[in-house]
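Colleague: Hi! Could you walk me through this one before I head back to the bench?

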Amino acid sequence: MVDDGLYAALVRRGMTRRTFLKFSTAMAAALALPATYAPRIAEAVASAPRLPVIWLRGQDCGGETEAFLRAADPTAASLLLDLLSVEYHETLMAPAGADAELLRTNAMERYPNGYLAVVEGSIPTGAGGAYCLVGGRPFVDIVREVCDGALATIAVGACAFDGGAPGAGGGATDARSVRDVTSGGGAYIALPGCPLNVDNLAATIVHYLTLGEWPATDGRGRPLFAYGPLIHNECERRPHFEFGEFVQAWGDEGAQKGWCLYKMGCKGPEAFGNCATQQFAQSTSWPIHAGHGCIGCTMPNFWDAMSPFYRRLPSPVPFFPNVTADGVGTALVGGIGAVAAAHGVGMYARTRLTARAERRAAAAAAAAEADATQAAATTPAGTTTLPRPEAIEPDAPAPSAPEREAPSTLTPNEPPPPRAGDDPEVR
Ligand code: SF4
C-alpha cells in the first residue's frame, strides 16, 4: 500500500475537513449505514494508506474510466482519486509502450497481493485472445496475471461483469467476464452498470478501509448495499404507477408531467440497483429522472435479456406469448386471493360443524342426566314424579354467522386496472 496516507493527499488538494466529513456521511449513506457511522468512516479513511491500483481495459467504450474521472468537489467520486494510488491505467498515464508495461510489472512486484486489480471491459478469448493484444500479449493473459496476484479484483461495468455489449447475441470475439477467466486469488467484487456508478466503487473501497473486509455480495459478486434494492421500489415516479398515470408516447402530456415510464418499456420492475437513491452526475439526476426508462443495465446479460428496451418484456411463460410478467404477477396475486377465500370458506364450514357436534354432545349429556334423575325419583310403584327436562333439539339450526367480507385479492403492488386508451399489448 502507498503509505503517505489519504489525509495527506486530501490536504495537498486543499480539501477542508468539512468536505471530508461530508464525504464520510455520503459514504455511510451509500453503504446504507446509519449516519452515526460517518465519524468512524472519517477516522478510518483519513488514517488509511492509499490503495495501489492496476486498472486494465479490454473490450470497452471507456465509460467506466469516464465515470472515474467525473470528479467535482465535494462529491464522493471526487475523492476516489485520493483513496487510490493509480499505478497503471493506459488512458491516464503518461508512459507508453515498453515503459508502460514496466510500470505494471513493477507495481505487481512492489505490492504483491496488496494492490487492487480493476478491470474494465470484457475479455476476448476467441482466436487465442488475438482480438485484444496489449504489448503484443493477449489481454486475457494479462488479466489472469494481474488479478491472480491482487488483494482484490473489481470488475467495473457490464462488460467486465458478464461480457456486456461485445458478448451480446453471441458476439464475435467470445467475450468473457473477468470471473470467467480468472482463477481466484483475492476477493472478487463486481460493479455492473453501463457505466457503473462510481460512487459504488468509492463506497466499496471505503467499506474495506473502514471495516477491514469487503462488502457482502450476492452470488455474482455484486455488493448488496448497491445491488440489493429493486429500482421500481425506490423510483420517484412510483406514485404515478400506482395511480395508473403512464407516459403513452414520448413527449406526451404524461411525459411532460413526469409520469411513470412503465409502458415505454421501463425495466425498473425487473432491475436491482441503487440508481434511484445514489443517482449520477454528482447525485443530480438519473435516467428515469431525466425521462428515460431504466434499461436494466445492472442485470446479467442485459443487452439480450432486457431487449427490446422500449417495450415491455415478452412473456416469461413458454407457449403463451401474450402473457407478460405482470400478468403472471396478477395471476399469482389472484391465486393467493382465491386460496385465501377458499381458506375462509373452509374455516366457516368447520366452525358450523364443530358447533353442531357440540350441541349434539350437550343434548346427549342432558338426556343422560335427566334419565338418571328420573330413575332416582321414581317411586317404588314406578311412578315418575319429576318432569323430564326439556330436550335440546340436536339438529336445530345454528345461529346465523356474522356477515363475512370476501377476502381482497388486491395488493398495493398489483398493476392498476386498464384505463381508457391503454395499449393492452404492453400490460
Ligand atoms: Fe419508475 Fe419505471 Fe417503476 Fe415507473 S416502471 S415507477 S418509471 S421504475
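Modeller: Happy to; we can go through confidence, the ligand surroundings, one glycine and one helix. This is a predicted model, where local features need pLDDT of at least 70, side-chain atom pairs count only at pLDDT 80 or more, and totals for chains, interfaces and linings use all residues. Residues are numbered from 1 along each chain as its sequence is written.

Colleague: What is the mean pLDDT of the protein?

Modeller: The mean is 79, and 70% of the residues reach 70 or more. pLDDT is the predictor's confidence in each residue, from 0 to 100.

Colleague: And where is confidence lowest, and where highest?

Modeller: Helix α19 (residues 325-377) is lowest, with a mean of 54, and strand β4 (residues 123-124) is highest, at 98. Over residues 375-427 the pLDDT is below 50, and this stretch has 57 contacts in the model beyond near neighbours in sequence. A contact means two C-beta atoms, placed from the backbone, within 7 Å. Helices (H or I, at least four residues) and strands (E, at least two) are DSSP runs, numbered from the N terminus.

Colleague: Switching topic: which residues are closest to the ligand?

Modeller: Cys-235, Cys-260, Tyr-262, Cys-266 and Gly-268 are the closest, out of 15 that surround the ligand. Being near means a C-beta atom, placed from the backbone, within 6 Å.

Colleague: Which helices supply at least two residues of that shell each?

Modeller: Both α13 (231-234) and α14 (238-242) do.

Colleague: Now Gly-157, why does that count as buried?

Modeller: Gly-157 counts as buried because it has 27 C-beta neighbours inside 10 Å. The cut-offs are 20 or more other C-beta atoms within 10 Å for buried, 12 or fewer for exposed, and partly exposed in between, with C-beta atoms placed from the backbone.

Colleague: Where does Gly-157 lie, and what does it touch?

Modeller: Gly-157 lies in helix α8 (residues 157-162). Leaving out residues up to four places away in sequence, its contacts include Asp-60, Cys-194 and Glu-120. The C-alpha atoms of Gly-157 and Glu-120 are separated by 6.4 Å, though the two are 37 residues apart along the chain.

Colleague: Last one: how many residues of α11 are buried?

Modeller: 12 of its 14 are, so α11 is largely enclosed by the rest of the structure. Among the buried ones are Asp-199, His-207 and Tyr-208.

Colleague: And what comes just after α11?

Modeller: Gly-212 does, with a positive phi of about 75°.
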